[in-house]
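Here's a quick walk through a protein model, written for someone who likes to know where the pockets and the odd torsions are. Have a look at it first, then read on.

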Amino acid sequence: ARLYWRVEKDTTVISICDVDFDYQHEYLGCKERLVVTPLTDRCYVTLSQAIGMFLGGAPAGPAGTGKTETTKDMGRMLGIFVVVFNCSDQMDYKSLGKIYKGLAMAGCWGCFDEFNRIDLDVLSVAASQ
């Protein structure tokens with residue numbers, strides 16, 4: 001990722017490959033960053049390309065490999081607050097709708113951990129929302 005100061009926009013722009021993000025200036029505290037490995041670098045590039053096409057991302061892999069932490073770190077790099085939700089089989093479409101509304105109103109990212117635990121009928125409604 002490269003950071004540029006754009007005088008004409010009066011803001012900081014972060015470029016990841018061919019996608020430009022405006023830095024969001026969300027104060028997230030003084031936290032440590034992840035060590036950039038080839039896997040985290042590939043994840044950043046893939047997620048940034050998806051977001052550049054107005055899509056989302058769903059990192060997949062075995063438990064404990066850092067999918068949630070990588071997503072949180074990418075949000076921290078862009079100055080965006082990331083809210084992590086631990087999903088369970090007791091979530092229904094109404095609660096997911098409320099979560100989506102809150103994320104849209106706050107302008108932050110949502111990271112749904114253990115998304116595979118949600119019932120399939122709830123997932124189909126969530127996909128249409």
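What follows goes from the overall fold to the sheet, then to single residues and the pockets.

## The overall picture

Keep in mind that this is a predicted model. The protein chain has 129 residues, and 30% of them count as buried. Its C-alpha atoms fill a box of roughly 50 × 30 × 30 Å along the principal axes.

The secondary structure adds up to 4 helices and 5 strands. Reading from the N terminus, the order of elements is β-β-β-α-α-β-α-β-α. Among contacts with a separation of 6 or more, 63% are between residues 24 or more positions apart.

## The sheet at the start of the chain

How many strands form the open sheet, and in what order? There are 3 strands, ordered S1-S2-S3, and the pairing is antiparallel. S1 (2-6) and S3 (19-22) are the edge strands, each pairing on one side only. From one strand to the next, the twist averages 30°.

On one side, 5 bridges join S1 to S2, with arginine 6 standing opposite threonine 11 in S2. On the other, S2 (residues 11-16) pairs with S3 over 4 bridges. Serine 15 sits opposite aspartate 20 in S3, and valine 13 has aspartate 22 in S3 as its bridge partner.

## What covers the sheet

S2 is largely enclosed by the rest of the structure, because 6 of its 6 residues are buried. In a regular strand, side chains alternate between the two faces of the sheet. Both faces of S2 are covered: Thr11, Val13 and Ser15 are buried on one side, and Thr12, Ile14 and Ile16 are buried on the other.

Two helices come into play here. H1 packs on the sheet and touches S2 and S3, with its direction at about 80° to that of S3. H2 lies across S2 and S3 and runs at about 140° to S2.

## A buried aspartate

Helix H2 also holds aspartate 73. Is this residue buried or exposed? Aspartate 73 counts as buried because its relative accessibility is 0%, and the cut-off for buried is under 20%. Leaving aside residues up to four places away in sequence, aspartate 73 touches Arg33, Leu34 and Tyr44.

## Positive phi angles

Most residues other than glycine have a negative phi. Which residue in the hairpin of S1 and S2 takes a positive phi? That is aspartate 10, near 55°, in a hairpin with 4 residues between the strands. Aspartate 10 has a relative accessibility of 56%, so it counts as exposed.

The hairpin of S2 and S3 has 2 residues between the strands, and cysteine 17 in the turn has a positive phi of about 55°. Further along the chain, glutamate 114 is in the loop between S5 and H4. Glutamate 114 has a positive phi of about 55° although it is not a glycine. At 33% relative accessibility, glutamate 114 counts as partly exposed.

## The largest pocket

If you're hunting for pockets, the largest one holds about 1,100 Å³ of space. It is lined by 33 residues, and the closest to its centre are Gly57, Ala58, Gly110, Cys111 and Phe112. The elements giving two or more residues to this lining are H1 (38-52), H2 (67-78), H3 (93-106), S5 (109-113) and H4 (120-128).

Which element gives the most to the lining of the largest pocket? That would be S5, with 5 residues. Sorted by class, the lining has 19 nonpolar, 11 polar and 3 charged residues.

## The second largest pocket

The second largest pocket has a volume of about 290 Å³. Of the 18 residues lining it, Leu39, Cys43, Pro59, Ala60 and Lys67 are the closest to its centre.

H1 and H2 each supply at least two residues of the lining of the second largest pocket. The largest share comes from H1, with 7 residues. By class, this lining has 9 nonpolar, 7 polar and 2 charged residues.

Conventions: Residues numbered from 1 in each chain as written. Predicted model: local features only at pLDDT ≥ 70, side-chain atom pairs only at ≥ 80, totals over all residues. Heavy atoms only, no water. 1 Å grid on protein atoms, 1.4 Å probe; cavity = no way out; pocket = protein on both sides within 12 Å on 5 of 7 lines; lining within 4 Å. Points joined across faces, edges and corners; volume = space filled by probe spheres on them. Nonpolar A, V, L, I, M, F, W, Y, C, P; charged D, E, K, R; others polar. Pairing = 2+ DSSP bridges. Axes fitted to C-alpha atoms, helices over the stretch in contact; angles between N-to-C directions. Contact = heavy atoms within 4.5 Å. Buried < 20%, exposed > 50% of the residue type's maximum accessible area, 1.4 Å probe, protein only.
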